[in-house]
Amino acid sequence: MPVVIIIGGQWGDEGKGRVVDLVARKADIVARYSGGNNAGHTVVNEFGESRLHLVPAGIFYPDKVCVIGNGVIIDPKVLLEEIDDLQSRGVTFDNLRISGRCQIIMPWHLMIDRLDEELRGKGAIGTTARGVGPCFSDKVARAGIRMADLIDPEGFRERLSFALPYKNAFLEKVYGAEPLSFDEVYSTYSEYAARIAPFVTETAELVQDALERGETILMEGAQGTLLDLDAGTYEFVTSATPSSMAAGAGVGLGIGPTQISKVLAVYKAYQTRVGNGPMPTELMGEEGDTLRERGHEYGATTGRPRRCGWFDAVASRYTRRLNNLTGMVMTRLDVLDDYPTIKVCTAYRLDGKVTKIFPSSTRALMRVEPIYEELPGWQKDTKECRAFKDLPPQARSYIKRIEELVGCPIDMVSVGPQREQAVIINPII
Ligand code: GDP
Ligand code: IMO
Ligand code: MG
């Protein structure tokens, strides 16, 4: 099983890090290939609870090679803080490899992310304020600085001399902000570069060599398909290129489409979203608060409360089809343990008509009313279940109904945040 991709099937935070941490034991290489430190992947294992923003979730296994592929954008300060924190808890980094093609998040990206959101006012996206959108914009505009530039003192001087005057003009003239000092940026980022340089290598070569040896690569997606620049609820999406969809994954690591063997998406047993934008099944008021508290639904990156609602099978069928999933993983089933009844959205009512299509118009999506089917809850603790037959019958029926509505088998069900709290139905690797 050479290449397995794990992506998010909803609006991010589905539990991708948790799933990768479990499955990684059977992989040789674990790789991030998209997004940046807007991602927050929580892993709970023998090292305690870790929130990974850039480091792949395979890092806890010293014998796995962990790759940060070319599609990831890197804030060097955040990466070094993450490495320091994990090292202080006994995690080793001998096997971390970083692509020289990764774009770098520079101080102006952080400033522009905040200033842009202020300018958008009521139309703000609710970004993570990590500089991600402006960094990807510069990548596409061919104005970015890459890791290979950063770790080459002369190359960095050249790229910074080109980029900074242009960005300072922008900051001063468009936003009325203070310009940045060349010397300060150069010296701070050169210090980061010196520490990161030993990890940088030709990762695409490394990955292809591993595939030739018949090794297994586990690809850890960031964000979710509903946050994808193309497929998501534009403009309330992230800016990642390559995309948060399976189709873009190979681009961010140096793998061709014909080398991919399996694509799985992670879905929560309900729905959450951080930031702004449409969310048809969002529960407002007390109902939403109850679900948030039961699930401790607060962002792993920004700590913001997540918007919570019932499982949206219309949106999930849409993301299943776009990614041609080979399987699904359902997480957080245990959060629903106490509910006497559970709702699932099976269709939308849009301007008086019933539809199962996830509309491309964001305004239309803001208007849709969810049509629910109500299923009996199980009101039993599922956290100790380790086999499908251990789950209460109503929980099994809930899983089966979601498989039917989304149109894809569920290969694994997670019943708690810890590594072993899982029911494996079909082995992922
Ligand atoms: P990611 O960004 O997709 O990796 O997900 P996050 O880490 O942002 O959010 C998922 C949250 O759910 C984390 O706090 C996990 O520890 C937690 N989690 C994952 N799976 C389960 C589960 O099955 N049950 C419970 N209760 N929590 C889970
Ligand atoms: P993981 O990998 C949840 C959301 C932000 C905002 C929008 C744009 O942990 O699942 P950005 O900073 O990317 O420009 O913000 O995207 N967002 C996420 N939401 N999980 C994530 O990553 C996210 N990454 C970005 O909240 O709505
Ligand atoms: Mg997250």
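Which oxygen-bearing partner lies 2.9 Å from an N or O atom in the side chain of R304? In this predicted model, the partner is ligand 2, one of whose oxygen atoms stands at that distance from the R304 side chain. The protein covers this ligand extensively: taken alone, ligand 2 exposes 550 Å², and 98% of that area is buried by the protein.

The surroundings of ligand 2 may be read residue by residue. The ligand is surrounded by 20 residues, and the closest of them are D13, K16, H41, T128 and T238. Two of these residues have polar atoms whose distances to the ligand can be stated. For K16, an N or O atom of the side chain is 2.6 Å from an oxygen atom of ligand 2. For D13, by contrast, the atom concerned belongs to the backbone: a backbone N or O atom of D13 lies 2.7 Å from an oxygen atom of the ligand. Each of these distances, 2.6 Å for K16 and 2.7 Å for D13, falls within the 3.5 Å cut-off for a polar contact, as does the 2.9 Å distance for R304.

The composition of the shell can be given by class. Around ligand 2 there are seven nonpolar residues, ten polar residues and three charged residues. The space that the ligand takes is also the largest pocket.

Attention now turns to the backbone, beginning with the loop between β10 (217-220) and α9 (246-249), in which E235 lies. The peptide bond leading from Y234 to E235 is cis, its omega being near 10°. P242 has its place in the loop between β10 and α9 as well, and the peptide bond from T241 to P242 is likewise cis, with omega near 5°.

Q223 is another residue found in the loop between β10 and α9. Its phi is near 55°, a positive value in a residue other than glycine. Is Q223 buried or exposed? Q223 counts as buried, because its relative accessibility is 8%, and the limit for burial is under 20%.

A positive phi also occurs elsewhere in the chain, at A129, which is a residue other than glycine with phi near 60°. The loop that contains A129 runs between α3 (107-120) and α4 (132-140). With a relative accessible area of 18%, A129 is therefore buried.

Terms used
Residues are numbered from 1 along each chain as its sequence is written. Chains are lettered from A and ligands numbered from 1 in the order in which they are written. This is a predicted model: local features need pLDDT of at least 70, side-chain atom pairs count only at pLDDT 80 or more; totals for chains, interfaces and linings use all residues. Side-chain values use heavy atoms; hydrogens and water are left out. A residue is near a molecule or strand if one of its heavy atoms lies within 4 Å of it. A polar contact is a pair of N or O atoms within 3.5 Å; within protein, one must be able to donate a hydrogen and the other to accept it, and residues adjacent in sequence count only if both atoms are side-chain atoms. Accessible areas come from the Shrake-Rupley method with a 1.4 Å probe; for residues, only the protein chains shown count as cover. On a 1 Å grid over the protein atoms alone, a cavity is a set of points where a 1.4 Å probe fits but cannot get out, and a pocket is an open set with protein on both sides within 12 Å along at least five of seven lines; lining residues have an atom within 4 Å of a point. A molecule sits in a cavity or pocket if more than half of its atoms lie within 2 Å of its grid points. Ala, Val, Leu, Ile, Met, Phe, Trp, Tyr, Cys and Pro count as nonpolar, Asp, Glu, Lys and Arg as charged, and the others, Gly among them, as polar. Helices (H or I, at least four residues) and strands (E, at least two) are DSSP runs, numbered from the N terminus. Buried means under 20% relative accessible area, exposed over 50%, partly exposed in between (1.4 Å probe, protein chains only).
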